[in-house]
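Please examine the fold below with attention to how its helices pack and how its interior is organised. The account that follows moves from the overall architecture to individual residues.

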Amino acid sequence: MSTDREKYPELFVPDRNIDPRTRSREVPMKILALSMPRTGTMSMQTALETLGFGPTIHGFNQWMHVQDTRMWQEGLEAKFFLPSQAKMKPFGRQEFDQLLGYYEIASDFPSIAFAEELIAAYPEAKVVIVERDVDAWYESFHDSFIKYMFSVAVSAFVRLDTQMYTFQEMTNTWVRGKFRANSRRELEQNARKVYRQHYETIRRVTPRERLLDFKLEDGWEPLCAFLGKDVPDVPFPRVNDRQAFAERSDLMLKIAGGRILRKGVILITVMVAAGAVWMKYSSLG
């Protein structure tokens with residue numbers, strides 16, 4: 001049986017702790033997989049990497065890089081909340097190269113928050129989208145995401161861990177901006193409309209020759225034809241997105257909990273040692 005580290009190695013990569021604004025692009029951006037979460041994004045990632053593309057950025061390999069997360073947060077604030085005369089300018093190719101320079105594929109959140117900007121910034125990249133039935137999508141999105149947003153318990157827990165907290169703050173900014181929601185009720189009310197608008201916008205701004213409107217059930221042929229790749233001699237991947245998402249989310253919390261526990265042990269050890277030193281020298285007085 002595989003271990004957590006073997007199954008989800010991206011969750012165990014240490015924080016690179018590098019200011020993203022000092023970086024530049026290292027590999028070409030080839031594919032913008034700009035589907036909304038809970039639409040088979042993990043199956044698409046596996047398929048694209050099977051065809052030789054990658055690496056891929058997605059939420060689960062982004063969350064531990066605190067400085068990257070803070071820069072994404074700046075971009076979200078600039079896009080959704082700051083007035084045009086503010087000093088912070090909207091993100092363009094320079095900023096995306098700094099954040100996405102390690103990746104050939106941009107997928108899932110936080111990249112999809114900047115779908116229009118990425119399509120404009122990388123005219124050489126192909127764009128692939130997968131759209132589910134809106135009600136089926138909403139059910140999955142609600143069970144895996146909405147019901148945890150604006151949770152007092154979750155918010156209190158993530159405040160104890162820097163990586164989780166910065167990622168949660170970035171997610172909250174996306175929800176407030178993209179979904180125009182400041183409460184769970186507003187998120188539930190607006191989710192379907194925003195979902196439809198997301199796909200309408202991508203189809204409107206993407207040149208037809210750059211866009212593949214893909215259905216997972218169609219398998220390899222249309223995807224390979226669009227990307228100029230031979231059809232591989234393996235079945236098209238079918239990842240259980242809901243199960244994998246839940247497992248990864250639980251593991252993220254477990255890893256964060258371990259960091260919180262270690263910090264607590266260290267703090268208690270320091271306090272005990274300091275108390276012992278104080279007792280020793282106070283008794284000498």
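The paragraphs below treat the overall fold, the nonpolar cores, two helix pairs, a link between two helices, and the backbone of several loops.

The model is predicted. The protein contains twelve helices and five strands. Of its 285 residues, 48% count as buried. Among contacts between residues at least 6 apart in sequence, 81% join residues at least 24 apart.

The interior may be taken next. The largest nonpolar core has 60 residues, and those with the most contacts inside it are L32, L34, F96, L100, W174 and F179. Two or more residues of this core come from each of the helices α4 (66–80), α5 (93–100), α6 (115–121), α7 (134–144), α9 (162–178), α10 (184–205) and α12 (241–284), and also from the strand β4 (126–130). A second core, separate from this one, comprises 19 residues, including F53, I105, V128 and C224.

L34 illustrates the contacts of one core residue. Residues up to four places away in sequence being set aside, L34 touches I112, A115, L118, I119, V127, V128, I129, H198 and I202. V128, one of these partners, is also among the residues of the second core.

Helix packing can now be considered pair by pair. Two packed helices are described by the angle between their axes and the distance between the axes. For α4 and α9, the axes come within 9 Å and cross at roughly 15°. Because angles under 35 degrees count as roughly parallel, α4 is roughly parallel to α9. The crossing of this pair is left-handed. On the α4 side, the contact is made by V66, T69, R70, W72, Q73, L76, E77 and F80; these meet T162, Q163, T166, F167, E169, M170, T173, W174, G177 and K178 of α9. By class, the residues of this contact comprise seven nonpolar, seven polar and four charged. W174, which takes part in this contact from α9, is also one of the residues with the most contacts inside the largest core.

The pair α7 and α10 has another geometry to examine. Their axes come within 10 Å and cross at roughly 140°. The two helices are therefore oblique to each other. α7 passes α10 in a right-handed crossing. From α7, the residues V134, D135, W137, Y138 and H142 meet R184, E188, A191, R192, Y195 and R196 in α10. This contact of α7 with α10 has five nonpolar, one polar and five charged residues.

What does E116 contact, leaving aside its neighbours within four places in sequence? E116, placed in helix α6, is in contact with K79, T201, R204 and V205. At 37% relative accessibility, E116 counts as partly exposed. Its C-alpha atom is separated by 6.8 Å from that of I202, although these residues are 86 apart along the chain. R204 is found in helix α10; with a relative accessible area of 62%, R204 is exposed. The C-alpha atoms of R204 and E116 are separated by 9.7 Å, the two residues being 88 apart along the chain. I202 also appears among the residues that L34 touches.

The loops contain several backbone features. The peptide bond from G54 to P55 is cis, with omega near 10°. P55 lies in the loop between α2 (41–50) and β2 (56–57). Another cis peptide bond joins F109 and P110, where omega is about 10°. P110 is found in the loop between β3 (105–107) and α6.

Positive phi values in residues other than glycine mark two further sites. Phi of N17 is near 50°, and N17 lies in the loop between α1 (4–7) and β1 (31–33). For R38, phi is near 70°, and R38 is placed in the loop between β1 and α2. Which of these is buried and which exposed? N17 has 55% relative accessibility and so counts as exposed, since exposed means over 50%. R38, by contrast, counts as buried because its relative accessibility is 4%, and buried means under 20%.

Conventions. Residues are numbered from 1 along each chain as its sequence is written. This is a predicted model: local features need pLDDT of at least 70, side-chain atom pairs count only at pLDDT 80 or more; totals for chains, interfaces and linings use all residues. Side-chain values use heavy atoms; hydrogens and water are left out. A nonpolar core is a set of buried Ala, Val, Leu, Ile, Met, Phe, Trp, Tyr and Cys residues joined through side-chain atoms within 4.5 Å. Buried means under 20% relative accessible area, exposed over 50%, partly exposed in between (1.4 Å probe, protein chains only). Helices (H or I, at least four residues) and strands (E, at least two) are DSSP runs, numbered from the N terminus. Contact means heavy atoms within 4.5 Å. Axes are lines fitted to C-alpha atoms, for helices over the stretch in contact, and angles run from 0 to 180 degrees between N-to-C directions. Angles under 35 degrees count as roughly parallel, over 145 as roughly antiparallel, 65 to 115 as roughly perpendicular and the rest as oblique. A crossing is left-handed if the near helix is turned anticlockwise from the far one by less than a right angle, and right-handed if clockwise. Ala, Val, Leu, Ile, Met, Phe, Trp, Tyr, Cys and Pro count as nonpolar, Asp, Glu, Lys and Arg as charged, and the others, Gly among them, as polar.
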